[in-house]
Amino acid sequence: MHVPTITAMTYRETLDFLYAQLPMFQRVGEAGYKPGLGNTEALAELTGHPEQQFRSVHVAGTNGKGSSSNLLAAVLQAAGYKVGLYTSPHLREFTERIKVNGQDVAPEYLVEWVERWWPSFAQVQPSFFEMCVALCFCYFAEQQVDVAVIEVGLGGRLDSTNIIRPLVSLITNISLDHQHLLGNTLPQIAAEKAGIIKGGVPAIVSQTQPEVEAVFVQKAAAESTTLLFADQRYHVELVAPPAPDADAQLLRITREGMPYLDNVELALAGDYQRLNLPGVLAALDELRQQGFILPESAVREGLREVSRLTGFRGRWTIMGRRPLVVCDTGHNEAGLRFVTAQLAGLTYQKLHFVLGVVNDKDVSNMLKLLPRDATYYFCQATIPRALPATELAERAGAEGLQGIAYGPVPVAVAAARAAAGADDVVFIGGSTFVVAEIEEL
C-alpha cells in the first residue's frame, strides 16, 4: 500500500492528516469504531510496549467516568505525584485528551510523534482512537509519570485502552448508551464494561445496581480478583443545599457508617457527582494499600481544586448569573435524567434550553425526559454525527417541546442569552459536542 509522506507539517496540518487517514468514532459514529485489541497490541509492539512502563488506574462506565478520572488525577496530583490523565473526547483541542499534571501534551509532540511512527502504523491501519491511545502510552512512558489515570473510550472489553494491566479497575455505573455497539440490555452493557476486570487487579464498582450486580460478581470470581461496591463502603450527602448558582457543593462523607470526612468542598456542582465520589474514594483506598501516600489534605485539595489541577470543565458548569447560564455534557438518557432533575430544583421565571444531539442516540427517549415548560433553541454541532437542528426540532415538536431550529451552536446560545431575563435560566447541552462549541467555555 502507498504510505503518504508527512514531513514538515504543522500541528493543524497533522491533525487534518490524521482525520483524513483514520476513521474517528466521535465524528462519524460506528464507521470509526474498531472493536478489538489487535491493532492496539500491534501499535504497542511497534513502539516498544510503553504501556508496561508506567503504573495506571483504569476507569470505565456509562456516565461519570470522565469526572471520576479527573477527580482521581487531582487527588494524586495534590499528593505530589506526577500524574498522567487520558480522557476522551476532547472539548476544544485534541491535546486536552493527554495531560501530565494538568498540562496538555504539547502540539509539537503530536507532530514529531506522527512523523516518527506513521510509516510503521500505516500498515496496521488503526482507527483514530487506537492511534490516540498509542500516542498517550508513549507520552506517559517518556514523561515517566508516577501513575496514569486511563479512561476507557467505549465499552471496556474491546476498548483500545484495555491492554494495560492497572493497579485498580474502577467502573462507575451502567446505563443505556451505544446499544448498537454494546448490547440492548443493562446486563449486556455491563458485561462489556466488566471486561476491564483482570485477574489479580482489584475491581471497584461505584454504584450498586441490582440489574447488573451479578455480572460484576461473576466476572470478578472468574478472574479470581476482589470486588467492592463502593457505595456499600462510602455514603456522601450534602451538608446543606447549595445556592442555585453555586459552583461547588459542601459534603459530609461517612465510611462504613462512621464519620469519615466532614465539610468537604467538591468543586463540581452536579448532583450526580455524589454518586461518583464513593468509587473515587474506594480507588484511593486501594492505591493506599499499594503504597501511595494520600493524606486527607490531598483528598480535600483534589476535590476542591479539581478544575485548576486538571482543567476539567463542562459538567454542570456555571457560565453566568442573572440570568443563570449552565452547561452540562450529559448526552444519554441517564445523564439527562440527572440534568433535568437538577433543573427542576431551580427557581426561575423561564427556562431557555439550548439542545443538540448526535444521531446515534436514543433521541426519542431523551426528548421524553425534557421539561415541557422550556423554550427550546435547537442546534447542531459541526460534526457529521450531529442530528440536523431542523430534524431535532421536528422530533421534539412531536414530543410537545416547542422551539426554533437555529443551526450552529453559537447562534442558538446567543439567541437564548438574548431572550433570557435576569431571573431566567439558560441551559446548554444534550451532547458533549454542543458544549464543546460554547465560545466562552
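A crossing of two helices is called left-handed if the near helix is turned anticlockwise from the far one by less than a right angle, and right-handed if clockwise. With that in hand, the helices of this predicted model can be taken in turn, beginning with helix H1, which spans residues 11-21.

Helix H1 packs against H5 at an angle of about 50°, and the axes of the two helices are 9 Å apart. Angles under 35 degrees count as roughly parallel and those from 65 to 115 as roughly perpendicular, and H1 and H5 are therefore oblique to each other. In passing H5, helix H1 makes a left-handed crossing. On the H1 side the contact is formed by Tyr11, Thr14, Leu15, Phe17, Leu18 and Gln21, while H5 contributes Pro107, Leu110, Val111, Val114 and Trp118. Sorted by class, the residues of this contact are nine nonpolar and two polar, with no charged residue.

Helix H5, made of residues 107-121, also packs with helix H6, made of residues 128-143, here at an angle of about 120° and with the axes 11 Å apart. That angle makes H5 oblique to H6, and the crossing in which H5 passes H6 is right-handed. From H5 the contact draws on Tyr109, Leu110, Trp113 and Phe121, and from H6 on Met131, Ala134, Leu135, Cys138, Tyr139 and Glu142. The classes in this contact of H5 with H6 are nine nonpolar residues, no polar ones and one charged one. Leu110 thus has a place in the contact with H1 as well as in the contact with H6.

Cys138, one of the H6 residues in that contact, leads to the question of how many disulfides the structure holds. The number is zero. A disulfide needs a pair of cysteine sulfur atoms within 2.5 Å, and because the closest cysteine sulfur to that of Cys138, in Cys136, is 9.0 Å away, the two are too far apart for a bond. Cys138 counts as buried because its relative accessibility is 5%, where buried means under 20%. Cys327 is likewise in no disulfide, the nearest cysteine sulfur being that of Cys379, 12 Å away, and at 0% relative accessibility Cys327 counts as buried.

Among the strands, S11 covers residues 258-266 and contains Leu266. With a relative accessible area of 0%, Leu266 is buried. Its C-alpha atom is separated by 4.9 Å from that of Leu303, although the two residues lie 37 residues apart along the chain. Apart from neighbours within four places in sequence, Leu266 is in contact with Leu71, Ala248, Gln249, Leu251, Gln273 and Leu303.

Definitions and conventions. Residues are numbered from 1 along each chain as its sequence is written. This is a predicted model: local features need pLDDT of at least 70, side-chain atom pairs count only at pLDDT 80 or more; totals for chains, interfaces and linings use all residues. Side-chain values use heavy atoms; hydrogens and water are left out. Axes are lines fitted to C-alpha atoms, for helices over the stretch in contact, and angles run from 0 to 180 degrees between N-to-C directions. Helices (H or I, at least four residues) and strands (E, at least two) are DSSP runs, numbered from the N terminus. Angles under 35 degrees count as roughly parallel, over 145 as roughly antiparallel, 65 to 115 as roughly perpendicular and the rest as oblique. Contact means heavy atoms within 4.5 Å. Ala, Val, Leu, Ile, Met, Phe, Trp, Tyr, Cys and Pro count as nonpolar, Asp, Glu, Lys and Arg as charged, and the others, Gly among them, as polar. Buried means under 20% relative accessible area, exposed over 50%, partly exposed in between (1.4 Å probe, protein chains only).
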